[in-house]
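Open the model in your viewer and keep the selection panel at hand. This tour goes stop by stop, saying what to select and what is there.

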Amino acid sequence: VQLQASGGGSVQAGGSLRLSCAASGSIFSTDVMGWFRQAPGKQRELVAVITGGGSTRYADSVKGRFTISRDNAKNTVYLQMNSLKPEDTAVYYCNLARINAVAQERWDYWGRGTQVTVSS
């Protein structure tokens, strides 16, 4: 599995950006795809994830501002980021998680990060 992210950049507070992540290789509908971010000096944190069936989960800090979506036919996940704040500044990483609940195993695949910078 390879993940190719795009769409980062610099924007002023209140602006919007859209991130895309295309997955290649063997992708299953049961794979969970999503976005994590890491700001300087901080741990990587979950931003939003989405299942193949469309169920979503968001970090409290982005609820109501960010929207994650997924195109299963294109194996692509999107993150629409609105009302951006300076604290959203971070490197954003695309993630695909493959989970075998029976065997209690999980494999994580990561894309190269894309920088998002929000100025005040």
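Start in a loop. Select Ser83, which sits between strand 8 and strand 9. This is a predicted model. Check the backbone at Ser83: phi is positive, about 50°, although the residue is not a glycine. Ser83 counts as partly exposed because its relative accessible area is 40%.

Go on to another loop. Select Gln104, found between strand 9 and strand 10 (105-110). Phi of Gln104 is also positive, near 55°, and again the residue is not glycine. Is Gln104 buried or exposed? Its relative accessibility is 75%, over the 50% cut-off, so Gln104 counts as exposed.

**The open sheet**

Switch to a cartoon view. Select strands 1, 3, 8 and 7, in that order: they form an open sheet of 4 strands with antiparallel pairing. Which strands stand at the edges? They are strand 1 (2-6) and strand 7 (66-71), each of which pairs on one side only. From one strand to the next, the twist averages 15°.

Now walk across the pairings. Strands of a sheet pair through backbone hydrogen bonds, in a parallel or an antiparallel sense. Take strand 1 with strand 3 (residues 17-24): the pairing is antiparallel and runs over 5 bridges. Select Gln4 and look across to strand 3, where Ala22 stands opposite. Then select Ser6, whose bridge partner in strand 3 is Ser20.

Step over to the pair of strand 3 and strand 8. Here 6 bridges join the two strands, again in the antiparallel sense. Select Leu17 to see one of these links: its bridge partner in strand 8 is Met81.

**The disulfide**

Stay in strand 3 and select Cys21, then add Cys94. How far apart are their sulfur atoms? The distance is 2.0 Å, and the two residues form a disulfide. The model has 1 disulfide by the rule applied. The link ties distant parts of the chain: Cys21 is in strand 3 and Cys94 in strand 9, 73 residues apart. Turn the view along the S-S bond: the angle about it is -85°, and the link is left-handed. Both Cys21 and Cys94 are buried.

**The nonpolar core**

Hide the loops and show side chains. The largest nonpolar core has 29 residues. Which of them have the most contacts inside it? Select Trp35, Leu79, Met81 and Tyr92. Many strands feed this core: strands 1, 3, 4, 5 (45-50), 7, 8 (76-81), 9 and 11 (114-119) each supply at least two residues.

Center on Leu79 and expand the selection to its contacts. Beyond its neighbours up to four places away in sequence, Leu79 touches Leu17, Arg18, Leu19, Trp35, Val47, Ala48, Phe66, Thr67, Ile68 and Tyr92.

**Two buried arginines**

Select Arg37, in strand 4 (residues 32-38). Why does Arg37 count as buried? Its relative accessibility is 6%, and the cut-off is under 20%, so the label follows. Now display the polar contacts of its side chain. One, of 2.7 Å, goes to the side chain of Glu45. Another, of 2.9 Å, goes to the side chain of Tyr92. Expand the selection again. Residues up to four places away in sequence aside, Arg37 touches Gln43, Arg44, Glu45, Val47, Ser61, Val62, Phe66, Glu87, Asp88, Ala90, Val91 and Tyr92.

For the last stop, select Arg98 in strand 9 (residues 90-100). Is Arg98 buried or exposed? Arg98 is buried, because its relative accessibility is 14%. Look for the backbone oxygen of Ser26: this atom lies 2.6 Å from a polar atom of the Arg98 side chain. Then show what surrounds Arg98. Apart from neighbours within four places in sequence, its contacts are Val1, Ser26, Ile27, Phe28, Asp31, Glu105, Arg106, Trp107 and Tyr109.

Methods. Residues are numbered from 1 along each chain as its sequence is written. This is a predicted model: local features need pLDDT of at least 70, side-chain atom pairs count only at pLDDT 80 or more; totals for chains, interfaces and linings use all residues. Side-chain values use heavy atoms; hydrogens and water are left out. Buried means under 20% relative accessible area, exposed over 50%, partly exposed in between (1.4 Å probe, protein chains only). A polar contact is a pair of N or O atoms within 3.5 Å; within protein, one must be able to donate a hydrogen and the other to accept it, and residues adjacent in sequence count only if both atoms are side-chain atoms. Contact means heavy atoms within 4.5 Å. Two strands pair if DSSP finds at least two bridges between them. Axes are lines fitted to C-alpha atoms, for helices over the stretch in contact, and angles run from 0 to 180 degrees between N-to-C directions. A nonpolar core is a set of buried Ala, Val, Leu, Ile, Met, Phe, Trp, Tyr and Cys residues joined through side-chain atoms within 4.5 Å. A disulfide is a pair of cysteine sulfur atoms within 2.5 Å.
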